Amino acid sequence: MNAGNGFTRRGFLRVLAAAGGALVVGVPARAWAQQDGREDLAILGDSWTALNAFVRVEPNGRVIIGARTPDMGQGTRTSLPRIIADEMDADWTQVKVIALPLGVEDDQGAPRWLYGPQSAGGSTSIPNAWRDLRQAGAAARWLLVQAAAARTGLPPDQLRTEAGWVLTPDARRLGYGELAADAGKLSLPDAGVALKSAQAYRLIGKAAQGVDAPAIVTGQQKFGYDHYWGDGLIAMIVRCPYFDGELDHLDASAALAIEGVEKVLPLPAMPAGTLLGRGPLAAGVAVLAKDTWSALKGRAALDVRWKPRHGGAASTSTLESDAGRALRGAPTTLVRRNGDFAHAFRTAARRIQAQYVVPFVAHATMEPQNCLVRVDPDHAYLMAATQTPRSAFDVVRQITGLGPGQISIEMPRIGGGFGRRLDNDYVAEAVLLAKAAGKPIKLQWTREDDLGHDVYRPFGVHALAAGVDRKGRIVAWRQHLASTSKLWRRGVPTDRLWTSELYPDDPPAGMVANLELAWFALDFPLPRGNWRAPGHTANAFAVQSFLDEIAHATHQDPFKLRLALLGTPRLLPYASHGGPTLDTGRLANVLQLAAQRIGWGSRAPAGHGRGLACHFTFGGYVAHAFEVSVSDGKLAIHRAVAAADVGRVIDPNGVDAQIGGGTLDALSTALNLAITVHDGAVVQQNFPDYPLARMAEMPREVEVIQVPSQADPAGAGEMGVPSAAPALANAIFAATGVRLRRMPFKPGIARIG
Amino acid sequence: MPLPPPTPSVSGIVPEPRRTGVELTVNGERYMHTGDPDMPLLWWLRDVLRLTGTKYGCGVGACGACTVLVDGKPARACLTPVLAARGRNVTTVEGLADPLGRLHPVQRAWIDEDVPQCGYCQAGQLLAAAELLARRPQPSDADIDAIPNLCRCGTYPRIRRAIRRAAAIARGETP
């Protein structure tokens with residue numbers, strides 16, 4: 001999930017210089033502009049000056065800032081522009097945020113990216129922005145100051161800026177609006193310009209309201225499928241439910257007889273040699289209709305049968321025994337070895353073992369997949385709810401053969417991503433259909449399509465073993481994981497399939513002298529993909545549950561055992577995403593904060609139990625603590641605490657939302673959700689059998705503690721997830737004495753009296 | 001005697017054919033739906049009226065993203081044929097503010113508490129909350145718990161706070 005950033009600082013400055021005075025955003029006349037009431041065009045007005053690719057200033061002082069990363073609820077349309085606005089000392093009340101499309105130009109047949117990294121994944125939007133977008137704000141400020149210096153005859157270093165004004169020592173005020181035209185004619189020094197010092201931040205670190213909240217609550221906010229393009233058709237696809245299955249029989253006559261249905265066509269094949277990054281598209285038959293209801297009726301009327309392929313007999317019911325068999329054999333990959341586990345385990349005073357089971361889960365974004373595409377002979381236009389617009393661009397190029405300057409991709413607000421929209425299978429489907437139909441297409445997935453044709457979080461069985469010495473210290477640790485790698489069918493060599501499943505430097509690596517991590521491949525034909533904080537959700541559950549089991553088996557306090565394991569604050573090397581180091585002191589600190597807040601060590605009310613867990617995810621440190629009770633097989637979560645150290649906080653309100661929301665997302669998933677497969681097809685159809693938690697099941701509040709930090713920001717989208725499930729399992733054990741080693745927990749909870 | 005050939009219309013006025021359909025009111029405006037009376041309200045609102053604030057989430061009435069009010073009562077627009085709303089008043093998120101554009105207390109509270117994350121389920125949440133407050137101006141936690149609408153982003157705690165704030169706004173208090 002690590003977003004590639006092939007965008008050097010030098011290249012970035014060149015872009016800034018080149019874009020000064022150039023029209024970059026929203027302005028090229030587009031074929032569909034009149035049909036769709038493009039708000040972005042109206043916002044821009046007639047006269048403004050582009051100070052760089054991200055910033056323009058109107059004569060009246062209004063500042064328009066482009067947000068380059070699609071917002072799927074993680075708040076980047078608010079946080080990214082605030083980073084720029086702070087550096088340029090803009091008046092936030094005068095800032096209007098617009099969504100940037102994919103910024104790409106044709107550079108002699110190759111794409112040249114105008115805005116740097118635009119994907120939303122791996123919690124990288126904020127760290128990336130911290131690296132390069134501050135420069136965009138500082139450059140705008142520098143140009144405005146230079147213009148003011150020329151206007152006043154004062155040296156630039158005697159001028160300062162504040163909330164949209166340049167101020168002179170004799171208290172004259174020059175507004176950004178009146179300086180913009182002059183500033184837009186200047187060019188930047190090659191060496192770049194200085195960034196603010198942290199003491200000078202006016203917006204960074206202060207709570208902000210989401211810029212889109214007013215539009216959302218009045219129903220004016222447009223998501224992808226809220227757009228309608230001229231004579232476009234609604235497309236719905238009936239897909240083969242069997243993995244890699246084929247069309248066996250199709251009679252479209254009844255569907256075509258339905259008023260409003262215009263075409264029925266088998267989904268065209270991808271051009272030979274093209275790769276989607278997630279394996280082939282499911283075979284499908286598309287119904288193209290003038291409106292959604294006609295498409296739904298046409299879809300229901302299709303007489304279609306499918307042929308299963310190799311996956312015809314696949315079933316998750318045998319996966320666990322397959323995993324057991326795999327775990328008894330030789331590992332596919334020995335991931336890490338320190339010391340001599342076998343000897344240390346054999347000679348330990350206490351030996352503890354346990355297995356944890358993590359099911360497949362789906363993304364179930366509230367907004368099902370959709371995509372608008374129009375393919376003209378010389379240009380393709382997309383409104384694509386995607387987390388990876390560059391990959392979507394590659395898909396369009398592969399299917400249409402169009403050049404980099406002939407593909408326009410807009411990214412609307414997205415109704416939830418969670419990693420699902422890192423894959424662009426639905427974009428490929430829409431482009432194939434638009435090309436075949438010769439008309440604009442709005443592809444609409446149903447919820448059934450979504451649950452049945454996802455890229456699922458991998459299934460895994462974690463076998464853990466630990467040896468403890470007479471003083472209660474963990475001297476031997478082994479994690480053997482049998483799982484269906486996320487990277488299967490993604491062009492990754494077999495000997496690297498483990499890299500998405502086990503992170504070799506995750507705790508307790510580096511903290512236990514004799515340690516062994518090994519991965520065992522499980523074969524299964526269900527497509528896999530990225531699910532919020534991917535492998536961390538499974539590993540934190542296994543590791544942090546097991547630490548509790550060790551503590552209880554050896555009569556230690558689970559909190560103190562963790563602190564002892566983390567040891568003295570130090571930096572450990574961390575090679576996976578989120579590195580290069582892991583600070584054990586920061587992890588211990590969030591654990592302590594969470595423990596303190598939940599009242600660890602004090603007596604819990606009768607029948608209540610408390611549990612803790614902590615984890616390091618993508619550069620962020622989070623600990624969870626819950627207080628729960630179980631009666632009549634029903635769980636009550638009385639208190640939920642999450643302590644987070646995600647480096648410097650750009651927007652405390654946003655971090656609160658992400659960590660609190662991530663906590664609930666994790667609880668909902670750990671309690672309720674699993675995808676199962678029977679006879680080669682996914683069993684779950686819709687929310688009734690894939691029940692996301694409702695309000696009544698969830699804690700009434702998540703107390704989020706944010707650690708003040710000067711460290712570079714890490715993002716916050718995924719860190720709130722991994723430690724929540726084990727903290728919940730640990731709390732349930734503390735309350736009931738029942739250890740839940742299998743997600744989802746609900747069936748296990750129901751068996752508790 | 002043969003009839004005279006038809007003469008071209010001088011005025012340009014042509015008689016309009018008699019139209020039949022389902023009449024209903026949406027956000028205070030009257031409409032007639034002349035298409036398939038079984039078309040779900042959701043798709044009629046979206047595809048025909050282009051009121052796209054009402055969202056599709058499941059099509060089986062399980063998630064609440066398409067919640068609208070029909071004569072003040074919450075309804076799942078994905079399962080409600082237009083015919084079932086004949087002669088009734090439908091309120092969507094676009095019609096929650098009053099005719100002067102003043103936001104409904106739940107809208108104000110939702111902004112103040114900054115409830116939305118992705119925002120997709122929020123239209124349904126707002127209408128569910130507005131209906132709850134109309135029924136119970138001072139809702140208990142259990143009343144709020146009974147709202148069945150799904151949110152995957154985890155905005156439930158802020159929804160809870162926003163409903164309390166909206167109740168205070170509706171009572172004329174400044175929370």
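Me: Which residues of α2(B) and α3(B) meet each other in this predicted model?

Reply: On the α2(B) side, the residues are Val106(B), Gln107(B) and Trp110(B). They meet Gln122(B), Leu126(B), Ala129(B), Ala130(B) and Leu133(B) of α3(B). By class, this contact holds 6 nonpolar residues, 2 polar ones and no charged ones.

Me: How should the spacing of such residues along a helix be read?

Reply: The general idea is that an α-helix has 3.6 residues a turn, so residues three or four places apart point the same way. In this structure, Leu126(B), Ala130(B) and Leu133(B) are among the residues of α3(B) that meet α2(B).

Me: At what angle do the axes of α2(B) and α3(B) cross?

Reply: The axes of α2 (residues 105-112) and α3 (residues 122-135) of chain B cross at roughly 125° and come within 9 Å. An angle of 65 to 115 degrees would count as roughly perpendicular; α2(B) and α3(B) are therefore oblique to each other. Their crossing is right-handed.

Me: What lies in the loop between α2 and α3 of chain B?

Reply: One of the residues in that loop is Asp114(B). As a general idea, most residues other than glycine have a negative phi. Asp114(B) has a positive phi, near 50°. Asp114(B) is also buried, with 21 other C-beta atoms within 10 Å.

Me: Where in chain A is there a positive phi in a residue other than glycine, and is that residue buried or exposed?

Reply: One such residue is Ala171(A), with phi near 70°. Ala171(A) belongs to the loop between β8 (165-167) and β9 (173-175) of chain A. A residue counts as exposed if 12 or fewer other C-beta atoms lie within 10 Å. Ala171(A) has 6 such neighbours and therefore counts as exposed.

Me: How do the axes of α14(A) and α15(A) cross?

Reply: The axes of α14 (residues 534-553) and α15 (residues 558-566) of chain A come within 9 Å, with a crossing angle of roughly 110°. The two helices are therefore roughly perpendicular to each other, and the crossing is right-handed. From α14(A), Leu547(A), Asp548(A), Ile550(A) and Ala551(A) take part; from α15(A), Pro558(A), Leu561(A) and Arg562(A) do. The contact has 5 nonpolar and 2 charged residues, with no polar ones.

Me: Which residues of α15(A) are buried, and how are they arranged around the helix axis?

Reply: The buried residues are Pro558(A), Phe559(A), Leu561(A), Arg562(A) and Leu566(A). Seen down the axis of α15(A), they fall within an arc of 165°, so they line one face of the helix. These buried residues pack against α14, α16 (584-598), β26 (609-617) and α18 (724-736) of chain A. Just after α15(A) comes Gly567(A), with a positive phi of about 70°.

Me: How does one read a residue that touches others far away in the sequence?

Reply: One case is Val358(A), which lies in strand β16 (residues 350-358) of chain A. Val358(A) is buried, with 25 other C-beta atoms within 10 Å. Leaving aside residues up to four places away in sequence, Val358(A) touches Phe459(A), Gly460(A), Ala538(A), Phe541(A) and Met743(A). Val358(A) and Val461(A) are 103 residues apart in sequence, while their C-alpha atoms are 6.4 Å apart in space.

Me: What does Arg82(A) touch, and is this residue buried or exposed?

Reply: Arg82(A), in helix α3 (residues 76-88) of chain A, is buried, with 29 other C-beta atoms within 10 Å. Not counting residues up to four places away in sequence, Arg82(A) touches Leu203(A), Ile204(A), Ala208(A), Ile650(A) and Asp651(A).

Me: Where are cis peptide bonds found in chain A?

Reply: In general, most peptide bonds are trans. In this structure, the bond from Pro507(A) to Pro508(A) is cis, with omega near 10°. Pro508(A) sits in the loop between β22 (474-483) and β23 (514-521) of chain A. Another cis bond joins Gly579(A) and Pro580(A), with omega about 15°. Pro580(A) is in the loop between β24 (571-573) and β25 (581-583) of chain A.

Me: How many residues of chain A are in contact with chain B?

Reply: In chain A, 48 residues are in contact with 45 residues of chain B. On the chain A side, α6 (213-217), α8 (292-301) and α17 (652-672) each supply at least two residues. The largest share, 8 residues, comes from α17(A). By class, this side of chain A has 20 nonpolar, 17 polar and 11 charged residues.

Conventions. Residues numbered from 1 in each chain as written. Chains lettered and ligands numbered in written order. Predicted model: local features only at pLDDT ≥ 70, side-chain atom pairs only at ≥ 80, totals over all residues. Axes fitted to C-alpha atoms, helices over the stretch in contact; angles between N-to-C directions. Helix = DSSP H or I, 4+ residues; strand = E, 2+ residues; numbered from the N terminus. Parallel < 35°, antiparallel > 145°, perpendicular 65-115°, else oblique. Left-handed = near helix turned anticlockwise from the far one by under 90°. Contact = placed C-beta atoms within 7 Å. Nonpolar A, V, L, I, M, F, W, Y, C, P; charged D, E, K, R; others polar. Buried ≥ 20, exposed ≤ 12 C-beta atoms within 10 Å, placed from the backbone. Arc of directions from axis to C-beta.
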